Amino acid sequence: MTWYTGDALYDTLLLIGFGYALLVFAASFVGTAAYGGRFGSKGRRGGVKLGSRAGWIIMELPGLLVFPVIFFMGPNAYEAVPLFFLAVWMFHYSNRALVTPMLMRVQPGSAASFSLGVIIAGWITLFLHGYFNAAYLTEFGDQYTRDWFQDPRFQIGLVIYLFGFGLNLHSDRILRNLRPKQPDPDAPRYRIPYGGGFRWVTCPQYLGEILSFTGFAVMTWNLGAVFVLAMTVGNLVPRALYTHRWFHKNFDDYPPERRAIFPGLL
Ligand SMILES: NC(=O)c1ccc[n+]([C@@H]2O[C@H](COP(=O)([O-])OP(=O)(O)OC[C@H]3O[C@@H](n4cnc5c(N)ncnc54)[C@H](OP(=O)(O)O)[C@@H]3O)[C@@H](O)[C@H]2O)c1
C-alpha cells in the first residue's frame, strides 16, 4: 500500500504505527505504563522487572542505535540539513537513554518496578520512530536542501524544540534535587516540587517532552515525526493526569491552582 512516500514498506508501517498510537492512547485510560515508584509493577507476581536506571537505559537504547544505522543507509545522509537533524536526534537520545538515567536518584530499597512489557512497547516505538524519521530525512523527503534552514517551518520548529527540551531538562533537574545526593533511606521518597514549570502544572517535564516532539515534527515537517508526537501525547497526557491525582491524594497542601499538564487548561 502506498499513500505517503510511495514506498510500500514505509507507508504500510506508518499506517500501522498510527493505529498502534491510537491503541496506546486508548490503553492509557485503563492504566498508565508500569514503571517508576508510583506506577511500577511491583504489586504483580512473576515476570522480569528491572530497576529504574537499568530499565530506562535498556528501553531507550534503540533510540540511539536504530536511527543512525538507517540514516547512513540513505542516499542523502551527508547533506547539511539531514546531518543537522542527526545531531539533534543524537543529542536528544543521549540525554534520554544515558544522561537522565545516570543522574537519576533512586530511593534506597526501591523495588525493581520496570516491567518487561513496558520495555518491549518502548522498543517497538523506538524502532518505528527511528526508521520513519531516518528513512524520510535521508531518502524519501525531498525538501531538505540547504534552503530548508531558511524555511519558517524549520525556524519555528527549532524554537519550539529548544523551549520544550529546556523545560524538560529543567523540570527533571528540579525533581532530581528533591532527593538527597547521597542515598538516605530515611528521607521521604516524594516531596512537592516547586519552581520553574511546576508553578503552573504538575508535570512540566512531560509538557517539555511533548513540546520538543512538536518542535521536531514542525522543523522536519514529516509524518514519521507526527507518529512519535502522537505516541508521546497518548502516553504522557494520561500519565500526567494519574500523577496529578496521586499528588492530590497524598499531599493535603498540594497547590490547588496547578493543572496537570497544560497551564490553565488541563
Ligand atoms: N517520550 C515519551 O513518551 C516519554 C515517556 C515517559 C517519560 N519520558 C520522559 O522521561 C523522563 C522521566 O520520566 P518519568 O515518567 O520516569 O518521570 P518522573 O515521574 O518525572 O520521575 C523522574 C524521577 O524523579 C523521581 N520523582 C518524581 N517525582 C518525584 C517527587 N515528587 N519527589 C521526589 N522524586 C520524584 C522519580 O522517582 P521514582 O521512580 O521513585 O518515582 C524518578 O527517579 C521525563 O523527562 C519524561 O518526560 C518520555
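**Note on the fold and core of a predicted model**

1. The chain has 266 residues, for which a compact globule would have a radius of gyration near 18 Å; the value for the chain is 19 Å, which agrees. The radius is taken over C-alpha atoms, and the globule rule is 2.2 Å times the number of residues to the power 0.38. Along its principal axes, the C-alpha trace spans about 55 × 40 × 35 Å.

2. This is a predicted model: local features need pLDDT of at least 70, side-chain atom pairs count only at pLDDT 80 or more, and totals for chains, interfaces and linings use all residues. Residues are numbered from 1 along each chain as its sequence is written.

3. The chain holds eight helices and two strands, in the order α-α-β-α-α-β-α-α-α-α from the N terminus. Both are DSSP runs numbered from the N terminus: helices are H or I with at least four residues, strands are E with at least two.

4. Buried residues (20 or more other C-beta atoms within 10 Å of their own, C-beta atoms being placed from the backbone) make up 38% of the chain.

5. The largest nonpolar core (buried Ala, Val, Leu, Ile, Met, Phe, Trp, Tyr and Cys residues joined through C-beta atoms within 7 Å) has 51 residues, of which Leu-207, Phe-227 and Leu-229 touch the most other members. Elements giving two or more residues to this core include helix H1 (8-28), helix H5 (116-140) and helix H8 (223-250). H8 gives the largest share, eleven residues.

6. A second, separate core has five residues, among them Tyr-35, Trp-56, Met-59 and Phe-114.

Key:
Buried ≥ 20, exposed ≤ 12 C-beta atoms within 10 Å, placed from the backbone.
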